[in-house]
Amino acid sequence: MRPEQGAEVQQQGIVVKLIIAAIKPFKLEEVREALTTIGVRGMMVTEIKGFGSQSGHTEIYRGAEYAVNFVPKVRLEIVVPDSLADPVVETIRTTAKTDKIGDGKIFVLDVEQAVRVRTGEINDDAL
Ligand SMILES: Nc1ncnc2c1ncn2[C@@H]1O[C@H](COP(=O)(O)OP(=O)(O)OP(=O)(O)O)[C@@H](O)[C@H]1O
Ligand SMILES: [Mg+2]
């Protein structure tokens with residue numbers, strides 16, 4: 001597929017989504033495994049710090065209450081065909097959940113284009 005066909009394809013409803021999630025670090029391996037099982041073939045992982053609605057104050061990390069406003073999290077970035085976006089969100093949601101505060105957030109965005117560097121394939125072919 002030519003790169004300039006990307007826009008046409010997206011108009012036909014074949015889109016690629018980016019899921020950004022912040023999760024508890026100890027849940028990373030379980031989430032990665034669950035995502036692999038449903039067909040996710042790549043992801044980016046970054047160690048971050050962040051805060052949510054408690055501003056980090058009342059959250060426990062490794063047994064200690066964090067006195068500061070930022071709590072360690074892992075940020076996942078996963079680009080998938082549109083059809084996998086809902087399963088990815090649901091898998092992260094159920095796997096990363098501990099029922100305690102600070103379990104994380106999931107955001108879903110449209111991706112304009114994905115390119116595999118080695119071959120030049122684009123969009124879902126590039127994943
Ligand atoms: N509005 C936001 N924008 C960007 N990142 C966010 C936002 N809210 C939370 N995050 C990220 O998600 C992480 C976890 O947030 P957290 O789960 O504490 O959200 P919350 O709204 O406080 O929910 P809970 O009440 O379950 O703790 C934060 O450390 C931060 O990295
Ligand atoms: Mg919180």
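# Exercises: a ligand shell and some buried residues

By class, five nonpolar, six polar and four charged residues form the shell around ligand 1. Here Ala, Val, Leu, Ile, Met, Phe, Trp, Tyr, Cys and Pro count as nonpolar, Asp, Glu, Lys and Arg as charged, and the others, Gly among them, as polar.

This is a predicted model: local features need pLDDT of at least 70, side-chain atom pairs count only at pLDDT 80 or more, and totals for chains, interfaces and linings use all residues. Residues are numbered from 1 along each chain as its sequence is written, chains are lettered from A and ligands numbered from 1 in the order in which they are written, and side-chain values use heavy atoms, with hydrogens and water left out.

**Exercise 1. Describe the fold and its buried share.**

Step 1. Count the elements. The protein has three helices and six strands. Helices (H or I, at least four residues) and strands (E, at least two) are DSSP runs, numbered from the N terminus.

Step 2. Read the order. From the N terminus it is α-β-α-β-β-β-β-α-β.

Step 3. Take the buried share. Of the 127 residues in the protein, 32% are buried. Buried means under 20% relative accessible area, exposed over 50%, partly exposed in between (1.4 Å probe, protein chains only).

**Exercise 2. Locate ligand 1 and list its polar contacts.**

Step 1. Find the nearest residues. Ser53, Gln54, Gly102, Gly104 and Lys105 come nearest among the 15 residues around ligand 1. A residue is near a molecule if one of its heavy atoms lies within 4 Å of it.

Step 2. Check the polar pairs. A polar contact is a pair of N or O atoms within 3.5 Å; within protein, one must be able to donate a hydrogen and the other to accept it, and residues adjacent in sequence count only if both atoms are side-chain atoms. A polar backbone atom of serine 53 is 2.7 Å from a ligand 1 oxygen. For a polar backbone atom of glycine 50, the distance to an oxygen of ligand 1 is 3.4 Å. Lysine 105 uses its side chain: a polar atom there lies 2.8 Å from an oxygen of ligand 1.

Step 3. Add the elements. Strand S2 (44–50) and strand S6 (105–111) are those that give two or more residues to the shell around ligand 1.

**Exercise 3. Follow the contacts of isoleucine 78 and the bond of threonine 91.**

Step 1. Place isoleucine 78. This residue lies in strand S5 (residues 71–81). Isoleucine 78 counts as buried because its relative accessibility is 0%.

Step 2. Compare sequence and space. Valine 88 is ten residues from isoleucine 78 in sequence and 8.6 Å away, C-alpha to C-alpha. Valine 40 is 38 residues from isoleucine 78 in sequence, with 7.9 Å between their C-alpha atoms.

Step 3. Place valine 40. It sits in the loop between helix H2 (28–37) and S2. Valine 40 is buried, because its relative accessible area is 7%.

Step 4. Turn to threonine 91, in helix H3 (residues 82–96). A polar atom of the threonine 91 side chain lies 2.7 Å from the backbone oxygen of proline 87. At 13% relative accessibility, threonine 91 counts as buried.

**Exercise 4. Find two positive phi values and contrast their settings.**

Step 1. Recall the background. Most residues other than glycine have a negative phi.

Step 2. Take aspartate 99. Its phi is positive, about 75 degrees. Aspartate 99 is in the loop between H3 and S6. The residue is exposed, with a relative accessible area of 63%.

Step 3. Take asparagine 123. Its phi is positive too, near 50 degrees. Asparagine 123 belongs to the segment after S6. With a relative accessible area of 2%, asparagine 123 is buried.
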